[in-house]
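Hi everyone, thanks for letting me take the slot today. I'd like to walk you through one structure, slowly, so stop me whenever you like. Here it is on the screen.

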Amino acid sequence: MSRRTLLRTGTGIVAAASGGFSLLTAQTAHAVVDPSQHFVFEGDGDDPVVRKTLHQPYWAMQSFAFDHVHGHIYFVQTKPGSSTGDLWVSRTDFSGNVLGSMALHSFDHGSSIGIQPDTSGSPYIWLAGDYRSLSSGTAPNSHTICRIKYQDGGLLDYHTSAGIMEFKIGLSDFLDCPRPSIDPYTNMLLLRYMGTTSPWRLALFHLSDVMARGINDNTKPQAKRALPTNAQLGLSESDLFQGVTSYGQYAYLSYGGAPATPSDPARPSYLVRLDMNQTGGQYNEKFLTTAGSSLPGREPQGMAIWRSSSGPRLAFGFSSKIAVNPDEFQATVFYKSDLAG
């Protein structure tokens, strides 16, 4: 097998584009992650991508991330009901017009990705991998995260292809199901995972530390904490996790579900903010968003930080099921841009 498993490497990290915006605010005592501003959920925003058909119209968008250096969005799609871990990646402009695509086999469900800019049209994508069942009779799942090079028209199989940098998770509280995201302002890697000490956990690492030492307790994450349960958030069990990202000291999550049919009213969708310097079931804000409520078959899917020329944006997406038999989908992205704190 020619897949590369990371033990230690001196590979560098592409620096974020320079700009005049300062992420940090005044320091606070005993903080693990430097204090930062947070996004205002009730604040101004926009919808740069509205009801766009991605490369594979019969597969649902699951997540997305931005290449702010070269002006592209990368969307990940999965086939509804699939148990193979196969994905399509669509490369678009900032309006959602498809510019290229790539096929991935045996990777993941695609519910969160990160983009590390490199050359135009060919960044590194971070996502979960190794989609398989660990024992007979158990459902398949992803067990690692990996970094791959995007290539228009490319095809990678997680278990047989070269060019996959694999990061096995060596955290003592890790059980399974990792999900990565990258903050383009701090080059921090946020990892959501099923934990041994609580149902779901978050860990925040310097991306350069991950590249040098992998993902384990010796890498010394900047912060680790439990996620609030749905009950602690005041959500039902049918309000599914749908995306995660981070900006500075705060993590942001998306929750919600799809209506039974495309013509049914949209179900409630929520944005949640929590502080990586807090612990346990603590969270800062839960917000019922009506963004995209008129979309047919609206289901929240994906979150990402957009490093735009006018400042940081918290982007969150929705998949729209516009037809059935066969199912057909479109993608929409909204963002919030007001900051406070």
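Let's begin with a single pair of residues: G45 stands opposite K336, which belongs to strand 24. One thing to keep in mind while you look is that this is a predicted model.

So which strands are we looking at around that pair? Strand 3 and strand 24, the latter covering residues 328–336, run antiparallel and are joined by four bridges. They're part of an open sheet of four strands, and if you read across it the order is 3-24-23-22, with antiparallel pairing. At the edges you find strand 3, residues 45–52, and strand 22, residues 298–308, and each of these pairs on one side only. Going from neighbour to neighbour in this sheet, the strands are turned by 20 degrees against each other on average, ignoring direction.

Okay, let's zoom out. How many helices and strands does the protein have? Two helices and 25 strands, so you'll be hearing a lot of strand numbers from me.

What about the overall size? Along the principal axes, the C-alpha atoms fill a box of roughly 55 × 50 × 40 Å. The radius of gyration is 19 Å, and for 341 residues a compact globule would have one near 20 Å, so the two agree. Of those 341 residues, 57% count as buried. The protein exposes about 13,300 Å², and carbon and sulfur atoms supply 49% of that. Here's one for how the chain comes back to itself: take the contacts between residues at least 6 apart in sequence, and 57% of them join residues at least 24 apart.

Now a second sheet. This one is also open and has four strands, in the order 13-14-15-17, paired antiparallel. Why do strand 13 and strand 17 each have one side without a neighbour in the sheet? Strand 13 (174–183) and strand 17 (223–226) stand at the edges and have a single partner strand each, so that one side is left free of a sheet neighbour. On average, neighbouring strands here are turned by 20 degrees against each other, again with direction ignored.

If you want to find one contact point in there, look at strand 15, residues 200–206: four bridges join it to strand 17, and the two run antiparallel. Within that, A203 has K224 of strand 17 as its bridge partner.

Next stop is strand 12, residues 164–170. Is it mostly covered or mostly open? Mostly covered: five of its seven residues are buried. Strand 12 also pairs in two senses, depending on where you look. With strand 10, residues 144–149, the pairing is antiparallel over five bridges, and there I148 is partnered with I164 of strand 12. With strand 16, residues 215–216, strand 12 runs parallel, and two bridges join them. In that case the bridge partner of G170 is N216, in strand 16.

Let's move from backbone to side chains, and to rings in particular. The count comes to 19 aromatic pairs. One of them is Y74 with Y150, which is edge-to-face, 5.0 Å centre to centre with 70 degrees between the planes. Where do these two sit in the chain? Y74 is in strand 5 (residues 72–78), while Y150 is in the loop between strand 10 and strand 11 (155–157), so the pair ties together parts that are 76 residues apart in sequence. Y74 is buried, at 0% relative accessible area, and Y150 counts as buried too, with 0% relative accessibility.

Here's another pair: the ring centres of F316 and F318 are 6.1 Å apart with the planes at 75 degrees, so this one is edge-to-face. F316 is buried at 2% relative accessible area, and F318 counts as buried at 1%. There's also a cluster linked by ring pairs, made up of F39, F41, Y185, Y247, Y252 and F287.

Last residue, I promise: S246, in strand 18, residues 240–247. Is S246 buried or exposed? Buried, with 1% relative accessibility. And what is S246 in contact with, once we leave aside its neighbours within four places in sequence? Its contacts are S181, D183, L190, L204, A251 and I305.

That's my tour, thanks for listening.

Key: Residues numbered from 1 in each chain as written. Predicted model: local features only at pLDDT ≥ 70, side-chain atom pairs only at ≥ 80, totals over all residues. Heavy atoms only, no water. Pairing = 2+ DSSP bridges. Axes fitted to C-alpha atoms, helices over the stretch in contact; angles between N-to-C directions. Buried < 20%, exposed > 50% of the residue type's maximum accessible area, 1.4 Å probe, protein only. Rg over C-alpha atoms; globule rule 2.2 N^0.38 Å. Contact = heavy atoms within 4.5 Å. Areas by Shrake-Rupley, 256 points an atom, 1.4 Å probe, with all protein chains shown as cover. Phe/Tyr/Trp six-rings, centres within 6.5 Å; stacked < 30°, edge-to-face > 60°.
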